[in-house]
Amino acid sequence: MSDPSNTPSSASSIAQQPEDCNRLLLAALESGDLEASVDLYEPDAVLFKKSGEMMHGHEAIRQNNAFMVALKPRFTIDFIKTTVSADGKIATNRMKASFTGVAKDGRDIQSEINTLEVVRQQADGSWRFLIDDPFGSTRATLQER
């Protein structure tokens, strides 16, 4: 994964800073580590599909992420912008990245990702996704399919 920003603050798969959630998620998807990708979400987290439909909880997120892993994705992060609440417990991340992968039929695919996420600090000081919308920053311009 190419990332002009800093690498995660920890070599482990635990997000020590809000923006680590994004970096670690993309790294897990690239490496095919499905469980590490799911562990970055709170148990009742929400993940949006491109259509705007919401998926709830680890099992739905696992199914979505398994689909992503099957595409053999490669990501390049352009930027991650984080805003932390005054109490330091909630943050929003906005990430712009590009994605390449391989469809089931062998065709190369590529896309831009403009995310909007809400992450929450956990009791142990780590961070996890509470709401993840991979298309959140561009949702208003998306057309339903």
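**A walk through the fold, starting at Arg62**

Let's start with one residue: Arg62 has a relative accessibility of 22%, which makes it partly exposed. The cut-off for buried is under 20%, so Arg62, at 22%, falls on the partly exposed side of the line. Keep in mind that what you are looking at is a predicted model. We'll come back to Arg62 after a quick look at the whole chain.

The protein chain has 3 helices and 7 strands. Going along the sequence, these come in the order α-α-β-β-α-β-β-β-β-β. That puts two helices at the start of the pattern and five strands at its end. Of the 145 residues in the chain, 37% are buried. The contacts tell you something about how the chain folds back on itself: among those with a separation of 6 or more, 48% join residues that sit 24 or more positions apart.

Now back to Arg62, which lies in helix α3 together with Glu59. Their side chains form a salt bridge, at 2.9 Å from N to O. What separates the two along the helix? They are 3 residues apart, about one turn. There is a simple rule behind that: an α-helix has 3.6 residues a turn, so residues three or four places apart point the same way. Glu59 counts as partly exposed because its relative accessible area is 47%. The pair has company as well, since Glu35 joins Glu59 and Arg62 in a network of salt bridges.

Stay in helix α3 for a moment and look at Asn65. Is Asn65 buried or exposed? With just 3% relative accessibility, Asn65 is buried. Leaving out residues up to four places away in sequence, Asn65 touches Leu25, Leu29, Leu34, Ser37, Val38, Tyr41 and Leu47. Two of these names, Leu25 and Leu29, turn up again among the buried residues of helix α1.

That makes α1 a natural next stop. Helix α1 runs over residues 20-31, 12 residues in total, and spans 16 Å from first C-alpha to last, close to the 16 Å you would expect at 1.5 Å a residue. Much of this helix is covered, with 10 of its 12 residues buried. The buried set includes leucines such as Leu24 and Leu26, but also Asp20, Arg23 and Glu30. Just past the end of α1 comes Gly32, which has a positive phi of about 80°.

Helix α1 also helps to line a pocket. The largest pocket in the model has a volume of about 690 Å³. It is lined by 28 residues, and those closest to its centre are Asn64, Met68, Ile113, Pro134 and Phe135. Which elements give two or more residues to this lining? They are α1, β1 (41-48), α3 (57-70), β4 (90-102), β5 (108-114) and β7 (127-133). Sorted by class, the lining has 17 nonpolar, 6 polar and 5 charged residues.

Back to salt bridges for a bit, as the structure holds 7 of them. One of these brings together the side chains of Glu42 and Arg120, at 2.6 Å from N to O. This pair ties distant parts of the chain together: Glu42 is in strand β1 and Arg120 in strand β6 (residues 116-121), 78 residues apart. The partners differ in their surroundings: Glu42 is buried, at 8% relative accessibility, while Arg120 is partly exposed, at 33%. Another salt bridge joins Arg107 and Asp105, whose closest N and O atoms are 3.2 Å apart. Here Arg107 is partly exposed, with 49% relative accessibility, and Asp105, at 57%, counts as exposed. The cut-off for exposed is over 50%, so Asp105, at 57%, passes it.

Our last stop is Thr100, in strand β4. Thr100 is partly exposed, at 36% relative accessibility. Setting aside neighbours within four places in sequence, Thr100 contacts Lys72, Pro73, Arg74, Ile109 and Gln110. Thr100 also gives an example of the chain folding back: Phe75 is 25 residues away in sequence, while the two C-alpha atoms are 6.6 Å apart in space.

Notes. Residues numbered from 1 in each chain as written. Predicted model: local features only at pLDDT ≥ 70, side-chain atom pairs only at ≥ 80, totals over all residues. Heavy atoms only, no water. Helix = DSSP H or I, 4+ residues; strand = E, 2+ residues; numbered from the N terminus. Expected span 1.5 Å × (residues − 1). Buried < 20%, exposed > 50% of the residue type's maximum accessible area, 1.4 Å probe, protein only. 1 Å grid on protein atoms, 1.4 Å probe; cavity = no way out; pocket = protein on both sides within 12 Å on 5 of 7 lines; lining within 4 Å. Points joined across faces, edges and corners; volume = space filled by probe spheres on them. Nonpolar A, V, L, I, M, F, W, Y, C, P; charged D, E, K, R; others polar. Salt bridge = Lys/Arg side-chain N within 4 Å of Asp/Glu carboxyl O. Contact = heavy atoms within 4.5 Å.
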